[in-house]
Amino acid sequence: MTVDDDVVVLVDDQGHQLGTAPRTTFHDENTPLHLAFSVYLRDHSGRVLMTRRAVDKVTWAGVWTNAACGHQRPDEGPLNAAMRRVPDEIGASPQNLRMAVPDFRYRAVDASGVVENELCPVMVAEVDPDELVFDPSEVAEHAWVHWADLRHTAATMPHLLSPWSVEQINALGDDPWA
């Protein structure tokens, strides 16, 4: 990867690209709206992969969230971004990747004051658990849960999950893989 590849794409409220900013210096108290993506993965038995973010992440360190997230590069759609980035985080490629919530957007502030402000399409796919090799700079630990249990956790104990995953789980509904 070149330095030019490690950027976030800035967008306006309608999702039109405005330019780029370096990812490593980007997230702070005034993070502008930018493109991202989130992926939820399930195994052959229907369990959903949840990951706990590495404890040295800039935002939401050590927080439980969906399988993988990332940023789109300039002129890269969310599906291509996910196919590129998910293997970097979890060591396996998503299978049957599909868009579930194309227009998801959120803004959240973590305990340190750092802001996330993303236009963040949400995708679902399958994954082979035997192929998983987690990048420790991204994932501290992982767990497999049933979707109904995850929905219950998001509804009754949202503080246990990343704010974006709580909103996304609600938006995904009862069976996003149907």
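Select Lys57 first: in this predicted model, Lys57 is partly exposed, with a relative accessible area of 21%. Keep Lys57 highlighted and add Glu138, with which Lys57 meets in a salt bridge at 2.7 Å, N to O. Glu138 counts as buried, its relative accessibility being 14%. Lys57 belongs to the loop between strand S5 (47-53) and strand S6 (64-65), whereas Glu138 sits in the loop between S11 and strand S12 (139-146), so the salt bridge ties together parts that are 81 residues apart in sequence.

Next, extend the selection to Arg85, Asp88 and Glu89. Together with Lys57 and Glu138, these residues are linked in a network of salt bridges. The structure as a whole holds 12 salt bridges.

Now move to Glu126, in strand S11 (residues 122-126). Is this residue buried or exposed? Glu126 is buried, because its relative accessible area of 16% falls under the 20% cut-off. Two arginines should be displayed with it.

- Select Arg42: its salt bridge with Glu126 has its closest N and O atoms 3.4 Å apart. Arg42 lies in strand S4 (residues 37-42), and the pair links distant parts of the chain, 84 residues apart. Arg42 is partly exposed, at a relative accessible area of 23%.
- Select Arg98: here the closest N and O atoms of the salt bridge with Glu126 are 3.1 Å apart. Arg98 is in strand S8 (residues 95-101), and this pair also links distant parts of the chain, 28 residues apart. The relative accessible area of Arg98 is 27%, and this residue is partly exposed.

Leave the charged pairs and select helix H2, residues 147-156. Which residues of H2 are buried? They are Trp147, Leu150, Thr153 and Ala154. Viewed around the helix axis, these four cover an arc of only 120°, so they lie on the same side of H2.

Rotate the view to the face of H2 turned away from its buried side, where the exposed residues Ala148 and Ala155 are carried. Then return to the buried side and display its surroundings: the buried residues of H2 pack against S4, S5, S12 and helix H3 (163-172). Strand S4 has already appeared on this tour, as the element that holds Arg42. S5 and S12 were also met earlier, S5 before the loop of Lys57 and S12 after the loop of Glu138.

Technical notes:
Residues are numbered from 1 along each chain as its sequence is written. This is a predicted model: local features need pLDDT of at least 70, side-chain atom pairs count only at pLDDT 80 or more; totals for chains, interfaces and linings use all residues. Side-chain values use heavy atoms; hydrogens and water are left out. A salt bridge is a side-chain nitrogen of Lys or Arg within 4 Å of a carboxyl oxygen of Asp or Glu. Helices (H or I, at least four residues) and strands (E, at least two) are DSSP runs, numbered from the N terminus. Buried means under 20% relative accessible area, exposed over 50%, partly exposed in between (1.4 Å probe, protein chains only). The arc is that of the directions from the helix axis to the C-beta atoms. Contact means heavy atoms within 4.5 Å.
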